[in-house]
Amino acid sequence: MDDRMETVVAGVALKNPVITASGTFGSGREYGELIDLDCLGAVTVKGVSCEPWKGNPIPRIAETQSGMLNSIGLQNPGVEHFIEHDLPFLRQHDTKIIVNICGHTLAQYCAVAERLADCDVDMLELNISCPNVEEGGLAFGTAPRMVERVVQAVRHYTGQPLAVKLSPEVTDITEIARAAVSGGADALSLINTLRGMKIDIHRRRAVLASRTGGYSGPGIMPVALRMVYEVCKTVDVPVIGMGGIATFEDALEFIMAGAAAVAVGTANFHNPYATVEIIEGIRGYLEENDIASLDKIRGIVD
Amino acid sequence: MNTYYKAAIRNQKELMPGIWKMELEAPEIAHSARPGQFIQMYPPDERNLLARPISLAAIHGESVEVVYRVVGKGTEQFPRLRDNDTVQLMGPLGDGFTLPEAGERSVIIGGGLGIPPLLELSKRIPGEAEVFLGYADAPFMDGDFRGHGRKVHVASQTGNGGFRGTVLELVETIAPFADRVYACGPRQMLQAVAEWAGRQGIPVQVSMEERMACGIGACLGCAVKIQKPGEKDWQYLRVCRDGPVFSGREVVWNG
């Protein structure tokens, strides 16, 4: 292990700061045919709900300039399937496992957290960008009161390190960050996708069946970086920075903004080796500049 | 075995206005690919993040052939590539067609850009196979099917090349005997073919298309509604990983 690259997030020691972003990497099986999963700091798996979710109608994908839209609808076969099929697969690898969990009600979030509480996972990542069906479909992550409540509720059911993934669709990200920490978050992940839209002018209709979808890719990086920077200045818990990271230079920007670790998402679609190249790039940067550890540059931008 | 690498381009030419054929020097893909599989081709301009899924039309010793239509900002970059230019590829991907059993007779039905993915299949079917190709107007690649000795029937909307009408109308007119049906083309055509084959109790394999991101089954972008026999409800499967070839009986065509 290279000590320079080691990163601790909420008590979990990662061999390097590069994680896969939820929803872009499945449970690692498919990308594991191309890259060595043991290289990764951690794998964050695709969102897991207590019951299977069917997902949204097609088309679910639209390309935009330097980015893409998705509206998958968190299709997943449910937590039992995850525990039986995906967890044992990932455990064969020398990497940490972060399980992204989702729900449409407080009770659904709690049920999946409770089911995973005794499982061999390293961290939970709470996706609070889902619509809360008990509050008229308003996303959990948009109101500090709801954020605190859902984090508190899930916290009650799990002793595992808990990261909360923040939605950027808010007026003040630092207010939401504080609410998550006050609810009991051990770490924060940000940002989730921004909502976007694309219209096919020839067919005169939205490209996505759901009309709108989550916008990701290099286009969102300046927004993500700004939010990570602001949140790191506001709260004391570690931040996993993400949003448009495609190169090691991008990753270093997030670390200099204060991120403890980074997650790579959409870049995997453009280049399945993106994570591996980013890890090598960061290592090279530290060596060339004779930097003894990531701590020396983390949050260096004031 | 899926691979990700840059391949050199050879012999790119325009078959029809907007429809191009190119050869890719891709031994790793050529050695392991099966008919019905596809590759992801990455547009050279990095502002187009997503690769374009393109079916393999032919698999030679060290190279593969693809046929694509220029439809937008991604695919319009490919015709500019010259001999020896390279293009980033990933593949071979997906599950291909299952070949017929010895002694079975096959019917192959293709429509438009759904025709190229059937060529290698047609070459590899050991027994009898009759080929039905449907076009909007002028036919292309029909000669390639005749080239390896297949009987080819052509239909087009304009009557150009023979029968005027849809490819399925032509199939129904000729009423070929078949133990197996293979089809690739626009969704409505596939649905009509699947229904026709279903009425006659003939197993039908259809090759589907959908917008994709990762191409390997991780993102769940390219979903298709499938209802497996004995299951109470449909589920979304992945075109890229669970397909692109599905049993026409299992596809939920409406809704």
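A salt bridge is taken here as a side-chain nitrogen of Lys or Arg within 4 Å of a carboxyl oxygen of Asp or Glu. In the predicted model, the side chains of B:Arg241 and A:Glu33 satisfy this criterion, with an N to O distance of 2.5 Å. This pair belongs to the interface of chain B and chain A, across which the rule finds 4 salt bridges.

The contact between the two chains involves 29 residues of chain B and 35 residues of chain A. About 2800 Å² is buried between chain B and chain A, and carbon and sulfur atoms account for 58% of that area. Polar contacts across this interface number 14 residue pairs, both partners being at pLDDT 80 or more. On the side of chain B that touches chain A, the elements giving two or more residues are S1 and strand S14 (235-238) of chain B. The residues on that side of chain B comprise 16 nonpolar, 5 polar and 8 charged.

A second interface lies within chain B itself, which is divided into domain 1 (3-93) and domain 2 (106-247). The C-alpha centres of these two domains of chain B are 21 Å apart. Contact between them engages 21 residues of domain 1 of chain B and 20 residues of domain 2 of chain B. The area buried between domain 1 and domain 2 of chain B amounts to about 1700 Å², with 68% contributed by carbon and sulfur atoms. Across this domain interface of chain B, the rule finds 0 salt bridges, while 4 residue pairs are in polar contact, both residues being at pLDDT 80 or more.

The side of domain 1 of chain B that touches domain 2 of chain B draws at least two residues from each of strand S1 (3-16), strand S3 (38-42), strand S4 (52-59), strand S5 (63-69) and strand S6 (86-93) of chain B. Among the contributors, S4(B) provides the largest share of this side of domain 1, with 6 residues. By residue class, the same side of domain 1 of chain B consists of 16 nonpolar, 4 polar and 1 charged.

Strand S1 of chain B thus appears in both descriptions: S1 supplies at least two residues to the side of domain 1 that touches domain 2 of chain B, and S1 also gives two or more residues to the side of chain B that touches chain A.

Methods
Residues numbered from 1 in each chain as written. Chains lettered and ligands numbered in written order. Predicted model: local features only at pLDDT ≥ 70, side-chain atom pairs only at ≥ 80, totals over all residues. Heavy atoms only, no water. Domains from an automatic or database assignment. Contact = heavy atoms within 4.5 Å. Buried area = accessible area lost by both parts, 1.4 Å probe. Polar contact = N/O pair within 3.5 Å; in protein donor to acceptor, adjacent residues only side chain to side chain. Helix = DSSP H or I, 4+ residues; strand = E, 2+ residues; numbered from the N terminus. Nonpolar A, V, L, I, M, F, W, Y, C, P; charged D, E, K, R; others polar.
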